[in-house]
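Welcome to a short set of exercises on reading a protein model. Take your time, keep the 3D view open, and try each task before you read its solution.

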Amino acid sequence: MRSLFTAHTVGDHAHLHRTYLESSREPYVPDESGPAKAWTRLVIHAHETGPKPDQAFVDFTAYFKENDAEHALHEKGEFQRIDGTWFYTRPVRQGPAPIKGTQAKVGRNDPCPCGSGKKYKQCCAR
């Protein structure tokens with residue numbers, strides 16, 4: 001992940017092409033699409049191995065400057081190792097991590113939380 005961020009920062013598009021699995025098998029053609037974003041910093045939140053030994057996930061935030069303001073790109077990316085080389089394969093999730101509820105769900109046969117005294121399935125579940 002750090003090498004990809006550095007390649008974005010210095011504009012090394014050939015390295016990005018080589019390390020992205022989808023484009024790595026095709027010949028590199030320079031892209032003159034204009035000025036790139038001004039990337040400022042990288043924060044890696046988590047790294048976890050996948051179900052296979054040659055698979056890993058990196059949760060990160062990359063910051064860039066645009067119009068005198070700093071913006072963030074938060075992503076969880078999937079990486080795969082092929083013949084000893086790590087490739088970026090795809091974004092798994094973009095944006096902040098999902099919020100998980102802390103309260104238990106009301107069961108169908110539990111008392112209704114509205115206080116009616118009826119079972120949930122006979123009251124508010126309808």
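Let us begin with a definition: a residue counts as buried when its relative accessible area is under 20%, as exposed when it is over 50%, and as partly exposed in between. Keep in mind that this model is predicted.

**Exercise 1. The faces of a helix**

Task: Which residues of α1 are buried, and where do they lie around the helix axis?

Solution:
- Step 1. Look for the buried residues of α1: they are L4, F5 and A7.
- Step 2. Now look down the axis of α1. Its buried residues fall within an arc of 160 degrees, so they line one face of the helix.
- Step 3. Turn to the other side of α1, where R2 and V10 are exposed.
- Step 4. Follow the chain past the helix: α1 is followed by G11, which has a positive phi near 75 degrees.

**Exercise 2. Pairs of aromatic rings**

Task: How many aromatic pairs does the model hold, and how are the rings of F5 and W39 and of Y20 and Y88 arranged?

Solution:
- Step 1. Recall what to look for: a pair of aromatic rings is described by the distance of the centres and the angle of the planes.
- Step 2. Rings pair if their centres lie within 6.5 Å. By this rule the count comes to 4 aromatic pairs.
- Step 3. Take F5 and W39. Their centres are 6.3 Å apart and their planes make an angle of 75 degrees, so the pair is edge-to-face, for which the angle must be over 60 degrees.
- Step 4. Place this pair on the chain: F5 is in helix α1 and W39 in strand β1 (residues 38–49), 34 residues apart. Both F5 and W39 are buried.
- Step 5. Next come Y20 and Y88, a tilted pair with 5.9 Å between the centres and 35 degrees between the planes. Y20 lies in the loop between α2 and α3 and Y88 in strand β4, so the pair ties together parts that are 68 residues apart in sequence.
- Step 6. Compare with the cut-offs for burial: Y20 counts as partly exposed because its relative accessibility is 28%, while Y88 counts as buried because its value is 15%.
- Step 7. Finish with a cluster: F5, W39 and F64 belong to one aromatic cluster.

**Exercise 3. The nonpolar core**

Task: How many residues make up the largest nonpolar core, and which element gives the largest share?

Solution:
- Step 1. Start from a general tendency: in soluble globular proteins, nonpolar side chains tend to be buried together.
- Step 2. Here the largest nonpolar core has 12 residues in all, including L4, F5, W39, F64 and Y88.
- Step 3. Sort them by element: α1, β1 and β2 (55–66) are the elements that give two or more residues to this core.
- Step 4. The largest share, 4 residues, comes from β2.

**Exercise 4. Two strands and two charges**

Task: In which sense do β2 and β3 pair, and which rings have a charged side chain over them?

Solution:
- Step 1. β2 and strand β3 (residues 69–82) pair in the antiparallel sense, over 12 bridges.
- Step 2. Find one facing couple: D59 stands opposite K76 in β3.
- Step 3. Go to the hairpin of β2 and β3. There are 2 residues between the strands, and N67 takes a positive phi near 55 degrees.
- Step 4. Return to K76: its charged end sits over the ring of F57, 5.6 Å from the centre.
- Step 5. Likewise, R41 lies over the face of Y63, at 3.8 Å from the ring centre.

Notes:
Residues numbered from 1 in each chain as written. Predicted model: local features only at pLDDT ≥ 70, side-chain atom pairs only at ≥ 80, totals over all residues. Heavy atoms only, no water. Phe/Tyr/Trp six-rings, centres within 6.5 Å; stacked < 30°, edge-to-face > 60°. Buried < 20%, exposed > 50% of the residue type's maximum accessible area, 1.4 Å probe, protein only. Lys NZ or Arg CZ within 6 Å of the ring centre and 35° of its normal. Core = buried A, V, L, I, M, F, W, Y, C linked by side-chain atoms within 4.5 Å. Pairing = 2+ DSSP bridges. Arc of directions from axis to C-beta.
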